[in-house]
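Trainee: I am new to this structure and would like a close look at a single part of it. Could you pick one helix pair and walk me through it, then show me what lies around it?

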Amino acid sequence: MVNDTDQQHASQQEVRVAIENLGPTDYAKLILIARSFARTRLQGTAMEPTDLLHNAVVKTLDGRRRWNKKVSILKHLDRVMESDSGHLAAQHVTHATDPIDDCPVVPACQGVLPVTRISAIEQINDVLALFAEDKMARDLLVLKSEGFLASEIQKELGIDKTQYETITKRIRRRCIHCLAGGRKHETK
Amino acid sequence: MKPSEYKTLKVSRALRDIIMDSSEQEIREALIGSGENFEALVAEGCVAFQRALANVENNEDLPDLRRGLGMLIQLLRRRERLSVDELANKARVNAAELRRIERDATFEPHPRTIFQLERHFQLPPRVLVILSGAVRVGNEVREEALRFAAISENISELSREEREILNRFVKFLQEHTDR
């Protein structure tokens with residue numbers, strides 16, 4: 001019997017087609033995102049951003065991470081990397097105090113997974129430092145993170161569409177610029 | 001998760017959503033002055049995807065290949081008279097991962113680790129990459145890897161004998177000096 005959840009999940013064939021249809025811009029976006037996780041969560045582990053992305057794609061292709069078609073394949077891969085890097089960071093913290101050095105194995109879990117406290121603190125410092133002197137950008141990000149639509153954010157912040165796009169552009173530029181080359185975020 | 005951590009997670013996602021919604025032109029503009037270019041990012045991402053696709057296609061042969069990989073790395077390490085920890089230190093890889101590669105044919109090694117090991121042992125490029133299952137290979141490679149793993153298991157037995165001889169000699173010396 002096929003239920004709703006099964007119908008939402010892509011078949012192996014659909015996954016394969018979606019992944020093969022990704023283009024150069026998608027690759028660039030995903031590697032930037034992988035770098036953001038590498039900077040905050042993979043320090044001290046053997047993982048590189050490329051490994052993180054590679055694993056996310058493999059797990060999606062072989063069905064260990066099922067793709068819910070309600071979200072884009074890009075967002076799915078983002079969430080798998082978020083989840084895997086969270087696990088790796090947690091295991092790395094555990095291993096630092098655990099003399100038994102079996103290799104960390106990333107469990108094949110489904111859905112959104114917790115972030116370790118350490119990585120969360122690093123992220124707070126990171127994101128806040130990145131927009132420390134740009135209150136409007138920070139406010140826009142916070143509202144966006146709460147699920148506000150663009151029109152609602154504009155109303156909330158008292159800005160028009162052009163201003164909204166300008167601030168978003170500023171956020172994008174700052175973020176991508178800092179992730180390029182894997183460098184630490186600037187604080188100014 | 002604490003409320004503050006959850007909030008941070010959401011902000012981080014919002015930030016990543018902005019990246020995901022970007023056009024090629026917007027990414028190119030954002031990269032100006034960063035020391036990175038769009039093509040380099042694409043190439044890096046492309047490597048991850050190509051390896052993943054090859055990896056999945058090659059899936060049925062992986063345990064055979066990786067058995068050969070594990071045995072090859074173990075022999076190379078022993079040839080240099082290194083422990084797992086020492087090799088990990090020298091090759092700058094994770095010791096726990098190295099143990100898994102040597103012992104567990106189902107373990108998927110990280111591409112970086114394979115690269116580092118190839119470099120450390122000064123092997124021709126892609127020798128270990130092939131055995132790691134990161135690229136598509138024919139049946140002959142799989143069969144050869146299996147054969148190699150089988151032969152090398154015998155070498156391991158011989159080494160145990162050698163170790164016993166060594167242990168006996170050490171014991172003899174110890175007893176001799178105790179007299």
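**A helix pair in chain B**

Mentor: Happy to! The helices α5(B) and α6(B) cross in a right-handed way. Please keep in mind that this is a predicted model.

To find the pair, look for α5 at residues 84-91 of chain B and α6 at residues 95-103 of chain B. Their axes are 9 Å apart, and the two helices pack at an angle of about 120°. Angles from 65 to 115 degrees would count as roughly perpendicular, and those over 145 as roughly antiparallel. The angle here therefore makes α5(B) oblique to α6(B).

Now for the residues that make this contact. From α5(B) come V84(B), D85(B), L87(B) and A88(B), while α6(B) supplies A95(B), L98(B) and R99(B). Sorted by class, the residues of this contact are 5 nonpolar and 2 charged, with no polar ones.

Let us stay with α5(B) a little longer. Its buried residues are V84(B), L87(B), A88(B) and A91(B). They lie on the same side of α5(B), because they cover an arc of only 100° around the axis. A general point helps here: an α-helix has 3.6 residues a turn, so residues three or four places apart point the same way. The buried residues of α5(B) pack against α6 of chain B, and also against α4 and α7 (111-120) of that chain. Just after α5(B) you will find R92(B), which takes a positive phi of about 55°.

Since α4 of chain B has come up, let us follow it next. This helix spans residues 62-79, and D64(B) is found in it. D64(B) has 21 other C-beta atoms within 10 Å, so it is buried; the cut-off for that word is 20 or more. Leaving aside residues up to four places away in sequence, D64(B) touches R142(B), A145(B) and L146(B). Another residue to find is E144(B): it is 80 residues from D64(B) along the chain, yet their C-alpha atoms are separated by 9.3 Å.

Finally, let us turn to the partner chain. Chain A has 9 helices and 0 strands. Of its 188 residues, 40% are buried. Among the contacts in chain A between residues at least 6 apart in sequence, 65% join residues at least 24 apart.

The two chains also meet: 48 residues of chain A are in contact with 49 residues of chain B. On the chain A side, the elements that give two or more residues are α3 (24-41), α4 (49-61), α5 (73-97), α6 (117-130), α7 and α9 (161-179) of chain A. The largest share of that side comes from α3(A), with 10 residues. By class, the side of chain A that touches chain B has 27 nonpolar, 9 polar and 12 charged residues.

One of those elements, α7 of chain A, is a good place to finish. It covers residues 135-145, and L140(A), L141(A) and K144(A) are buried in it. Those three lie on the same side of α7(A), because they cover an arc of only 100° around the axis. Just after α7(A), G147(A) takes a positive phi of about 90°.

Key: Residues are numbered from 1 along each chain as its sequence is written. Chains are lettered from A and ligands numbered from 1 in the order in which they are written. This is a predicted model: local features need pLDDT of at least 70, side-chain atom pairs count only at pLDDT 80 or more; totals for chains, interfaces and linings use all residues. A residue is buried if 20 or more other C-beta atoms lie within 10 Å of its own, exposed if 12 or fewer, and partly exposed in between; C-beta atoms are placed from the backbone. Helices (H or I, at least four residues) and strands (E, at least two) are DSSP runs, numbered from the N terminus. The arc is that of the directions from the helix axis to the C-beta atoms. Two residues are in contact if their C-beta atoms, placed from the backbone, lie within 7 Å. Ala, Val, Leu, Ile, Met, Phe, Trp, Tyr, Cys and Pro count as nonpolar, Asp, Glu, Lys and Arg as charged, and the others, Gly among them, as polar. Axes are lines fitted to C-alpha atoms, for helices over the stretch in contact, and angles run from 0 to 180 degrees between N-to-C directions. Angles under 35 degrees count as roughly parallel, over 145 as roughly antiparallel, 65 to 115 as roughly perpendicular and the rest as oblique. A crossing is left-handed if the near helix is turned anticlockwise from the far one by less than a right angle, and right-handed if clockwise.
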